[in-house]
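Visitor: Could you walk me through this molecule and explain the words people use for its parts?
Guide: Gladly, let's look at it together.
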Amino acid sequence: MNDTSPPPSPSSAPPTASPTPVTTPLQPGQVLDGFVLEARLHQGGMANLWQVRREQPLPGEDFPLIMKVPRIKGGEDPASIVGFEVEQMIMPALKGPHVPRFVARGDWRRQAYIVMERIEGDTLRPRLDQAPLPLVEVVELGIQIAHALTDLHRQHLVHLDIKPSNILLRPGGGVVLVDFGLSRHDFLPDLLEEEFSLPMGTGPYMSPEQVQFIRNDPRSDLFALGVMLYHLSTGERPFGQPASVRQLRRRLYVDPIPPRAIRPELPPWFQEIVLHCLEVHAERRYQSAAQLALDLQRPDAVPLTARAHKLQRSGLVRRFKRWFLAMGEEPRPPASVGAQVARSPVIMAAVDVQGATPALLEELREVVRRLMQTEPGARLACVGVMKTNRIGMDELTDAQGRSHHVQQLIALKNWAHPMTRELALEDGRLTFHVLEAPDAADALIEFAAKTGVDHVVMGARASSALRRYLGSVSAQVVTQCACTVTVVREPALPDAPGGDDALISPSASN
Ligand SMILES: Nc1ncnc2c1ncn2[C@@H]1O[C@H](COP(=O)(O)OP(=O)(O)OP(=O)(O)O)[C@@H](O)[C@H]1O
Ligand SMILES: [Mg+2]
């Protein structure tokens, strides 16, 4: 049947008093609220996807459209109907390159649907059948997905159904996340929590806290990403394919076979990352997607713990202990997605171990120490830049034959040492990076942008004469970094602040 009602407003169906329900099933050629249904692209368990176009194109809307229509046959799980309502509510609240652009939604009294941008490119699902994939590909996918999660978590959303079929790969690179039917947004009502008391998610990917009804922890998405990294790199699922709540609960006390026991060629740093994502307690996982992306991008800097070297799952005694503890234990969820994001920033300390005076280095450490103390979920990346005129053309060793790079790394570690123990930063919360680049400011700005740094702490050259002569790295970072930058000066200034100090007052933040 063709429906020829007038086109709706761009963002919602017409608010008529008693809309006439549309006769189903929908057919190719049918017009629904001004959208022409062209072809059915996908018939899923919960929804059908149609390729659509506007009967009267809107100026500026120059991307292909897709319509998602819930499958209502009468006998399905009511949670999937509520899930569709949730998705209709959430999609207009999201933006950016990692979600399809929202276009319109249809009234339930007539025909519920969501029209959104159609993303060209396949989902990650077919690649799963080809697992194990080459490590470089798995790592690259992990980085892209972690970036997408960082973006969504910062928009106060936890996805809660991260899995290959909900991840679209843009042909030009980058990933787009779809299917927000189980998601939770800090500022929107959580209909699923209000109406149901069953754990919601997809069995193989559900985090332990999701199994325990927690729906507002962004670290749940990192667990699901860990499951995917495990599966893509080993060809096996870490927790099988559970079919009951009892089987789902096993992940609270049975740890997965370490990936290197399945594929010994996987490097220890990769196992460290995967098992870090799969920790039962969210507190022991990466605290943010940006922190995970940082490790995937810099394997050399990943601090290896016992996780990296495990070759067997825990023994029966340990398992029993965990099982016993899991019975009485309540997970401690964050107050909200936003609260968890706010308490787990990536802090970058840019330390010029050779150029700065001891007093400045100490002051810098003090500022960083105070920051790390007030942010227990924070991750600290200590970064030094080795100036090279042309990569590969400089002397790699000093007069004693020691590698400059290693010397710099050791100097960074020595600088951080006094606070490492005091703040218990050993367990993956602290990494060291020596960048080799011709321009220090450029290298720091690029590192901060690429690794999603939230806050840069760095020193400023003590004398304004020196800054005039050598240029001010900190001023450049302050003006070009998108994140907060704190510039630390030596406690006793040898010269009074002059005109060129405008941007680099003591501990100035932007
Ligand atoms: N915006 C989009 N652009 C292109 N393809 C999409 C888009 N949204 C969804 N798809 C495709 O449709 C499939 C199903 O979409 P979605 O996951 O939102 O629905 P679902 O309710 O989970 O359906 P299913 O039960 O099949 O998983 C996706 O796996 C993807 O292949
Ligand atoms: Mg889906």
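Visitor: What makes helix 3 and helix 10 roughly antiparallel?
Guide: In this predicted model, the axes of helix 3 (residues 135–154) and helix 10 (residues 289–297) cross at roughly 160 degrees and come within 8 Å. Angles over 145 count as roughly antiparallel, so helix 3 and helix 10 earn that name. Their crossing is left-handed.

Visitor: Which residues meet there, and of which class are they?
Guide: Among them are Val-139, Ile-143 and Leu-149 in helix 3, and Leu-292 and Leu-296 in helix 10. By class, the contact has nine nonpolar, five polar and one charged residues.

Visitor: How do you know how helix 3 runs relative to helix 6?
Guide: Helix 3 and helix 6 (residues 219–234) pack at about 170 degrees, with axes 11 Å apart. That angle is again judged against the cut-off of 145, so helix 3 is roughly antiparallel to helix 6. Here the crossing is right-handed.

Visitor: Now the metal: which residues coordinate the magnesium ion (ligand 2)?
Guide: Asn-166 (OD1) and Asp-179 (OD) do, at 2.3 Å. Asn-166 lies in the loop between strand 7 and strand 8, and Asp-179 in the loop between strand 9 and strand 10, so the pair ties together parts 13 residues apart in sequence.

Visitor: Why is Asn-166 called buried, and what is Asp-179 called?
Guide: Buried means under 20% relative accessible area. Asn-166 has 4%, so the word buried fits. Asp-179 has 23%, so Asp-179 is called partly exposed, a label for values between 20% and 50%.

How values were computed:
Residues numbered from 1 in each chain as written. Chains lettered and ligands numbered in written order. Predicted model: local features only at pLDDT ≥ 70, side-chain atom pairs only at ≥ 80, totals over all residues. Heavy atoms only, no water. Donors = N, O, S within 2.8 Å, 3.2 Å for Na, K, Ca; no water. Helix = DSSP H or I, 4+ residues; strand = E, 2+ residues; numbered from the N terminus. Buried < 20%, exposed > 50% of the residue type's maximum accessible area, 1.4 Å probe, protein only. Axes fitted to C-alpha atoms, helices over the stretch in contact; angles between N-to-C directions. Parallel < 35°, antiparallel > 145°, perpendicular 65-115°, else oblique. Left-handed = near helix turned anticlockwise from the far one by under 90°. Contact = heavy atoms within 4.5 Å. Nonpolar A, V, L, I, M, F, W, Y, C, P; charged D, E, K, R; others polar.
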